[in-house]
Structures are given as structure tokens and as C-alpha cells.
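Let's take a walk through this one together, starting with one chain and then looking at how the two chains meet. Keep the viewer open as you read.

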Amino acid sequence: MEGLLPKIVFIYLAVVLVVTSLLVVTNRNAVHAVLWMLVMFLHQAVLFITLDAEFLAAVQIIVYAGAVLVLFLFVVYMINLRTELKIHNFTVFWPAALFVSVALVILAAQALKDFRAPQPVGDMTPEAIARVGHAKLLGKALFTEHILSFETVGVLLLVAVLGAVVLTRRIRMIRGEGL
Amino acid sequence: MIPVSWYLVLTLFLFAIGAFGFIARRNVIIMLMCIEIMLNAVNVTLVALGRGLAHTTAHVLVFFIIAVAAAEAAIGLALVVLLFKKTREIHMDEFRTLKG
């Protein structure tokens, strides 16, 4: 009975993730799709917790559910398409897309058939996580070994923010500046 | 402990659903959301394998993927807004004026 509860939790999370992602893909209404995606991200954060990654679960909720989805929701509200509910939401070649996805599943399942669980090689064991915490282990690796990548990602986010602002400023302003 | 292979099977299905949506949907916003689904499937795979290997690099990589996905969503949605301003259209199969 010891190992039963984690399995039940995992199966619940797996079912909810697959069902909500199917709802996101097939939903006509973009607002409903964004809200189903919120449910999906919250369950995925719980999935990270079952993998002993508490810090990543927090980042998942703060960044994805808090920032990215709100951005999506704003854009959906800005682009108000009443006709969306009446027309086809799939392209004419959607059976081909379904075939490609099923083929992807079959091929990857063939590749996964001989999968063997890897042996632990690093220092991020569950005992170490329980002792010092996931955030501390991750932060140590981030600010020593991967410090250059960390700084580069900061610059990348700055460039993305500036790019979004520059792209969406009004066309009239560009004419006024004589560009 | 749940075996790592269970996570891999789950994320395989999630990735396939995201790929199907990206190819088959007409709405550009939903296509961007399908990209997020695929990125999240890969994130779960990396964390599961990182737990199996007890290695820090996978978790660091997931951290960076989340940051890059946020940047990608910002730029992609800015492009969608720009496209909508210019053409009043966000359905991918309606664009027939691309050069190249």
C-alpha cells in the first residue's frame, strides 16, 4: 500500500493533463482554451512537485500561469473575433496532421521500448533535496556553473520586452518620426 | 517512486497533442498555445530524467527553457497583434501574400 498513493496521484495528473491539452487544441473559443491551459499548467506544477522539483513548480505557476497566460488572455481580448465561433477551426488537411501525430507517437514508442531507467550520477539526490532544499541546489548550480547562461537569458528577456514594445507601437508614430 | 518511463509516455502523448494542434489549427493564438504545450511536455521529460539521473543540469535547463518560452510568447503575440492590425485576420490559411 506504500507505493499506491503516488501512482494514483500520477494517474489523476496524467488524465487531467491529456484531457485539458485535448480541450485546448479542440476548443472553438480562444478564451476557453486559455482557461483550460491554466488548469493544465497548475496540474503540471503538481507533477513537478511529485518529481521533487519544488522551485520549478513555483516558477511554473508564477511565470506560466501568472505571466504568459495573462499575456495570451490580453491578446485574445484585444483581437475580438466574433466570427470565430461560426467558422471551421481546423485546416482542411487536419487528417494529415492527425496521421503525423499518431506516427510520431508510434515511432517514439518504438524508440522507448528498450528504455532502461538511468543510474543516478549527480549530486541532486532526493536526500540532498530534503536536506538543503531544491531551490538552494538549483541556485548553486545556476550562479556558479551556469552564470554566463543566466546573464545571457537576462539580456534575452530584456530584448524580448523591447522587441514586443517596438513591434506593437502605433504606425502613426512611425510616420511622425519620419521613418 | 513512480518509474521514469511513465513520465516519458505521458509527455510523449502531450507532445503529440501539441504537434497536432500546431499543424491543424487555423487560429494563430491557439498555434502559439500549442507551442507552449510542446515546451511543457519537454520540460516534464527533462525534470523526470534529471530526477532519474539525480543531476542538476536538467533542472537548470528547464529554468532556461521557461525563460526563453516567456520571451518567445511575448514576441510571438506582438507579431500576432501586428498581423491583426495590418490584415484584420488571424487565421493562418488566409495569408496568401507572403513573399519568398
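In chain B, 52% of the contacts with a separation of 6 or more are between residues 24 or more positions apart. Keep in mind that what you're looking at is a predicted model. Chain B is built from 3 helices and 0 strands, so its pattern along the sequence reads simply α-α-α. Put its C-alpha atoms in a box along the principal axes and you need roughly 50 × 25 × 25 Å. The radius of gyration tells a related story: chain B has 17 Å, where a compact globule of 100 residues would come out near 13 Å. As for burial, 50% of the 100 residues of chain B count as buried.

Now bring in chain A. UniProt, in an unreviewed entry, puts the feature "transmembrane region" at residues 6–26, 33–51, 57–79, 91–112 and 147–167 of chain A. Two of these spans can be checked against the model. Residues 33–51 of chain A are 95% helix and 0% strand, with the end C-alpha atoms 27 Å apart. Residues 57–79 of chain A come out at 96% helix and 0% strand, and there the end C-alpha atoms lie 31 Å apart.

How many residues does each chain bring to the contact between them? Chain A puts in 67 residues and chain B 60 residues. On the side of chain A that touches chain B, the elements giving two or more residues are helix 1 (4–26), helix 2 (30–50), helix 3 (54–78), helix 4 (94–112), helix 6 (134–144) and helix 7 (147–168). By class, that side of chain A has 54 nonpolar, 11 polar and 2 charged residues.

Let's zoom in on one pair of helices from that contact. Two packed helices are described by the angle between their axes and the distance between the axes. For helix 3 of chain A and helix 2 (residues 28–53) of chain B, the axes come within 12 Å and cross at roughly 175°. Angles over 145 degrees count as roughly antiparallel, so helix 3 of chain A is roughly antiparallel to helix 2 of chain B. Which residues do the touching? From helix 3 of chain A you'll find Leu56(A), Val68(A), Phe72(A), Val75(A) and Val76(A), and they meet Ile29(B), Met33(B), Glu36(B) and Val47(B) in helix 2 of chain B. Sorted by class, this contact has 8 nonpolar, no polar and 1 charged residues.

Stay on helix 3 of chain A for a moment, since Ala65(A) sits there too. Leaving out residues up to four places away in sequence, Ala65(A) touches Leu38(A), Phe41(A) and Leu42(A). Phe41(A) is 24 residues away along the chain, yet its C-alpha atom is separated from that of Ala65(A) by 6.4 Å. Ala65(A) counts as partly exposed because it has 18 C-beta neighbours inside 10 Å.

Finally, a look at the backbone. Most residues other than glycine have a negative phi, and most peptide bonds are trans. Asp52(A), in the loop between helix 2 and helix 3 of chain A, has a positive phi of about 65° although it is not a glycine. Arg88(B), in the segment after helix 3 (57–87) of chain B, also has a positive phi, near 60°. Are these two buried or exposed? Asp52(A) is buried, because 20 other C-beta atoms lie within 10 Å, whereas Arg88(B), with 10 other C-beta atoms within 10 Å, is exposed.

How values were computed. Residues numbered from 1 in each chain as written. Chains lettered and ligands numbered in written order. Predicted model: local features only at pLDDT ≥ 70, side-chain atom pairs only at ≥ 80, totals over all residues. UniProt positions renumbered as here; feature names shortened; annotations may be inferred. Helix = DSSP H or I, 4+ residues; strand = E, 2+ residues; numbered from the N terminus. Contact = placed C-beta atoms within 7 Å. Nonpolar A, V, L, I, M, F, W, Y, C, P; charged D, E, K, R; others polar. Buried ≥ 20, exposed ≤ 12 C-beta atoms within 10 Å, placed from the backbone. Rg over C-alpha atoms; globule rule 2.2 N^0.38 Å. Axes fitted to C-alpha atoms, helices over the stretch in contact; angles between N-to-C directions. Parallel < 35°, antiparallel > 145°, perpendicular 65-115°, else oblique.
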